[in-house]
Amino acid sequence: MDGVGPSRTALMAAAARAAHLLVDREPFLFEDTAAARLLGDQAEELLSYHRLHGDHLVLAGTRAQVAVRGHFTESRLAASGLGQYVILGAGLDTFAYRSPLAREVAVFEVDHPDTQRWKRAALASAGLGPLGEIAFVPVDFERDDLMCGLVAHGFDRARPAVVNWLGVTMYLTPAALETTVAALSACAPATELIVEYALPPELRDEPGRAYAELVAPAAAERGEPWLGTQTPEEMSHLLARHGFRVAEHVTQRAAVPAAAWERSDVLRPSDLCRLVRAVRA
């Protein structure tokens, strides 16, 4: 955060989702048709990196990462049939403004107040409005009470929800990570939590190691250091401590249908981050 708008990471993630439809070939892993509009005046600059250097390890790796996690999470939301969708660290997520499913669920976007002010102005400038019910929940994960914030903005703790927690945990202190999972333990039984977490170096594959060696130092230089990694066992234990039963740990390769990796472009799966899907017992 720069105190005015979204983090550079959030901007780059949105640009990668938009660029996937411009520089990669079908089959698309995920179709975010609103990201480029939301980026507004910054879209051309951010997308030009992908147009000019789209085969670079970092740019291609980012496109694969954001597309895969978006596909998996929104597919799980559709399959769940649940009526509440919480997006933690929502950043420039566009689900509420493009997906037909947004008409059927109540969406709760949780993020830093400064990011939300910027996003709401950008949405207005782009002419993007929510397709259904949405609430912006301002929360600083390091200081604020997440569940109090959600309930204050209409979240029904008695009804199960799908909770999306992507692209966030690696930037949190262990204490903030534990506090957030503890807060989510107040959700109703059958709530599904989908978390993206970074693997420690010894568990990464070669593409994952190469990506991290380039991205982690750059993130630290711009004030967004990676603060934590977890093994699958560590993440499972954390979730179990707070009443969540792990249903599956999912690699990038397994998060989309196998045929989606039969590609003629540069997108390939890597094992740097994984997704875990857990259910509130």
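1. Which residue in E4 does Val86 stand opposite? In this predicted model, the residue opposite Val86 is Val163 of strand E4. The pairing between E1 and E4 is parallel and comprises three bridges. The points below place this pair of strands in the wider sheet and then turn to Asp24.

2. The sheet is open and consists of seven strands, arranged in the order E3-E2-E1-E4-E5-E7-E6, with mixed pairing. Its edges are formed by strand E3 (134–138) and strand E6 (244–250); each has a single partner strand, so one side of each remains without a neighbour in the sheet. On average, and with direction ignored, neighbouring strands are turned by 20° against each other.

3. Strand E1 (84–88) is mostly covered, five of its five residues being buried. Gln84, Val86 and Leu88 point one way from E1, whereas Tyr85 and Ile87 point the other way. This agrees with a general pattern: in a regular strand, side chains alternate between the two faces of the sheet. Besides its pairing with E4, E1 is joined by five bridges to strand E2 (residues 106–111), and these two strands run parallel. Within E2, Glu109 is the bridge partner of Ile87.

4. At the E6 edge, the pairing is of the antiparallel kind: six bridges connect E6 with strand E7 (residues 273–280). One of the paired positions is Val246, whose bridge partner in E7 is Ala278.

5. Two helices deserve attention for their contacts with the sheet. Helix H4 (residues 57–80) packs on it and touches E1, strand E4 (162–165), strand E5 (192–198), E6 and E7. The direction of H4 makes about 165° with that of E5. Helix H10 (residues 232–241) lies across E5, E6 and E7, and runs at about 155° to E6.

6. Is Asp24 buried or exposed? The residue is located in the loop between helix H1 (8–23) and helix H2 (35–39). Its relative accessibility is 7%, and Asp24 therefore counts as buried, since the cut-off for that class is under 20%.

7. The surroundings of Asp24 include two polar contacts made by its side chain. One is with the side chain of His20, at 2.8 Å; another is with the side chain of Arg63, also at 2.8 Å. When neighbours within four places in sequence are left aside, Asp24 is in contact with Ala19, Arg63, Arg263, Asp265 and Leu267. Arg63 thus appears both as a polar partner of the Asp24 side chain and in this list of contacts.

How values were computed: Residues are numbered from 1 along each chain as its sequence is written. This is a predicted model: local features need pLDDT of at least 70, side-chain atom pairs count only at pLDDT 80 or more; totals for chains, interfaces and linings use all residues. Side-chain values use heavy atoms; hydrogens and water are left out. Two strands pair if DSSP finds at least two bridges between them. Helices (H or I, at least four residues) and strands (E, at least two) are DSSP runs, numbered from the N terminus. Axes are lines fitted to C-alpha atoms, for helices over the stretch in contact, and angles run from 0 to 180 degrees between N-to-C directions. Contact means heavy atoms within 4.5 Å. Buried means under 20% relative accessible area, exposed over 50%, partly exposed in between (1.4 Å probe, protein chains only). A polar contact is a pair of N or O atoms within 3.5 Å; within protein, one must be able to donate a hydrogen and the other to accept it, and residues adjacent in sequence count only if both atoms are side-chain atoms.
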